[in-house]
Amino acid sequence: MSDTLNVYEVGTKVMLTKDIEAVIITISIHSGNMVQYECSWWSGLTRTRDWFDSKDFFKVGENNKTIPIGFSRS
């Protein structure tokens, strides 16, 4: 049985708020096909990172669409 899941690629730029632009640096897939994205951004001189669901993104870069990834289950 084959399954696919659509995810944003590492390197995709996202807006966390109107003023905070971040970059996806890690993708984590949990049971139930729940996807979380670790994003990194600068806050003044401090580099910050945290985990988000795609529903948390205010906006995703216009040229960045999700890509399918596949799984093979026996």
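This report describes serine 28 and the aromatic pairs in a predicted model.

**Serine 28**

Strand E3, which covers residues 21–30, contains serine 28. With a relative accessible area of 19%, serine 28 counts as buried, because the cut-off for that class is under 20%. The side chain of serine 28 makes a polar contact with the side chain of histidine 30, at 3.1 Å. Leaving aside residues up to four places away in sequence, serine 28 touches Met34, Val35, Gln36 and Trp51.

**Aromatic pairs**

A pair of aromatic rings is described by the distance of the centres and the angle of the planes. Across the whole structure, a search finds 4 aromatic pairs. Among them are the two in this table.

| Pair | Centre to centre | Angle between planes | Class |
|---|---|---|---|
| Tyrosine 37 and phenylalanine 57 | 5.7 Å | 50° | tilted |
| Tryptophan 41 and phenylalanine 52 | 5.9 Å | 55° | tilted |

The pair of tyrosine 37 and phenylalanine 57 links distant parts of the chain, with the two positions 20 residues apart in numbering. Tyrosine 37 belongs to strand E4 (residues 34–43), and phenylalanine 57 sits in the loop between strand E5 (46–52) and strand E6 (59–60). Both tyrosine 37 and phenylalanine 57 are buried.

The pair of tryptophan 41 and phenylalanine 52 also links distant parts of the chain: tryptophan 41 is in strand E4 and phenylalanine 52 in strand E5, 11 residues apart. Tryptophan 41 and phenylalanine 52 are both buried.

One aromatic cluster is formed by Tyr8, Tyr37 and Phe57.

Note on methods:
Residues are numbered from 1 along each chain as its sequence is written. This is a predicted model: local features need pLDDT of at least 70, side-chain atom pairs count only at pLDDT 80 or more; totals for chains, interfaces and linings use all residues. Side-chain values use heavy atoms; hydrogens and water are left out. Helices (H or I, at least four residues) and strands (E, at least two) are DSSP runs, numbered from the N terminus. Buried means under 20% relative accessible area, exposed over 50%, partly exposed in between (1.4 Å probe, protein chains only). A polar contact is a pair of N or O atoms within 3.5 Å; within protein, one must be able to donate a hydrogen and the other to accept it, and residues adjacent in sequence count only if both atoms are side-chain atoms. Contact means heavy atoms within 4.5 Å. Rings of Phe, Tyr and Trp (its six-membered ring) pair if their centres lie within 6.5 Å; planes under 30 degrees apart count as stacked, over 60 as edge-to-face and the rest as tilted.
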